[in-house]
Amino acid sequence: MRILGIETSCDETAAAIVERDANGRGLIRANVVLSQLDEHRAYGGVVPEIAARSHLDHLDRLIAQALEEAGSGFDDLDGIAATAGPGLIGGVMVGALTAKAIAWARGLPFIAVNHLEGHALTARLTADDPAEAAFPYLLLLVSGGHCQLLAVEGVGRYRVLGTTVDDAVGEAFDKTAKLLDLGYPGGPAVERAAERSARRRAEAGEETPRFRLPIPMRGRDDCAFSFSGLKTAVRQQLERLDTPPGEAEREDLAAAFQTNAARSIADRTARACARFTAEVAPGRPLVVAGGVAANKVIRAELARVADAAGMTFLAPPLKLCTDNAAMIAWAGAERLALGLTDGLDFRPRPRWPLADLADRAPPGAGAAAQAEAGA
Ligand code: KG4
Ligand code: ZN
């Protein structure tokens, strides 16, 4: 089956064409992403009204481009999937209404996709062999708005093991970058600054780090996260400096922040691996998803944690970690394969936690049934 996917929930306008074969193998035919970064840069963050208008200006053209790259027309499609939440509601409405209009005009099924489910199922699209990412698996979802550990037991079946009590980790990266004046978007800026710090310190033969920061939540026996204290600690270190911070100090602080954010994530995830192994199943994969999964230091920590827990580690290619429409098309394909479609009266939702998807799972089919059905 061939699905058109549309993503407009934040500051990326995206359209993709994805195929799913009878064995559950995915193939990306086209994946077009237009970032609005430059339109929001001056404000240091995403402005919802600007985002919605920009989606409206560009989406039709991007859909045409995706179809052309895939060598298809609307007639070759089996369904239209769009992010229907959670996200900035103006943008979500632009994407969902466009998808509904195409579905109605062409008589095709419409699939309302939860953006987080898109991230959660990406590893099944990118796995070399679908069996590698069969259900169940442990998912760490780390993005600008979300930070949670979930047991993924099937399409629509997500159980939260732990979440953040304050900021999402991507948000903490973004705020820290702002504090340190490193530029926007914050995550990649912090990562680059930390790399410059490591290079300079190695050349100077400095071994002990200049700044000491806390490792949030380390050793707690739940799977919760917290990042606002770490961000505040960065601010306090800045305030303690006698002179205005130079480039080297700002980069060293970025490095200290990233190291401890990564250690905290590793500690929390190790806890979740133990719980997942005991409560769900041993030897299943650890999957990471969301924009922060693009961070190389965090990926390396997670690979180590998975290895220690006897789990394989699956991380989508960097390009499919951040927001894109291929993941939305794929989630649509997974749903359509199970006969799960939505009415054109489906209302876009600004808030829509993954744990609320139980009413959108196939009836009676648990992980085992979905695995057997080749889902
Ligand atoms: O999944 P995503 O593209 O959008 C949301 O749904 O939130 O994630 C964006 C978040 C931003 O907070 C961004 O700073 C962060 O992911 N991010 C990173 C990196 N690349 C993106 N954080 C740390 N290191 C990176 N390399
Ligand atoms: Zn996202």
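## Exercises on an open sheet and its helices

In this predicted model, 5 strands form an open sheet of mixed pairing, in the order β3-β2-β1-β4-β5; strands (E, at least two residues) and helices (H or I, at least four) are DSSP runs numbered from the N terminus, and two strands pair if DSSP finds at least two bridges between them. Residues are numbered from 1 along each chain as its sequence is written. Local features need pLDDT of at least 70, whereas side-chain atom pairs count only at pLDDT 80 or more.

**Exercise 1.** Determine which strands stand at the edges of the sheet.

*Solution.* Step 1: β3 (26-35) and β5 (110-114) each have a single partner strand, so one side of each lacks a neighbour in the sheet. Step 2: neighbouring strands are turned by 20° against each other on average, direction ignored.

**Exercise 2.** Describe the pairing of β1 with β4 and the packing of α3.

*Solution.* Step 1: β1 (residues 2-7) and β4 (residues 79-85) pair in the parallel sense over 4 bridges. Step 2: I3 stands opposite G79 in β4. Step 3: α3 packs on the sheet, touching β1, β4 and β5, where contact means heavy atoms within 4.5 Å. Step 4: the direction of α3 makes about 155° with that of β4; axes are lines fitted to C-alpha atoms, for helices over the stretch in contact, and angles run from 0 to 180 degrees between N-to-C directions.

**Exercise 3.** Classify I89 by exposure and list its contacts.

*Solution.* Step 1: I89 is found in helix α3 (residues 89-106). Step 2: the relative accessible area of I89 is 33%, and buried means under 20%, exposed over 50% and partly exposed in between (1.4 Å probe, protein chains only); I89 is therefore partly exposed. Step 3: not counting residues up to four places away in sequence, I89 touches P348, R349 and P350.

Key:
Chains are lettered from A and ligands numbered from 1 in the order in which they are written. Side-chain values use heavy atoms; hydrogens and water are left out.
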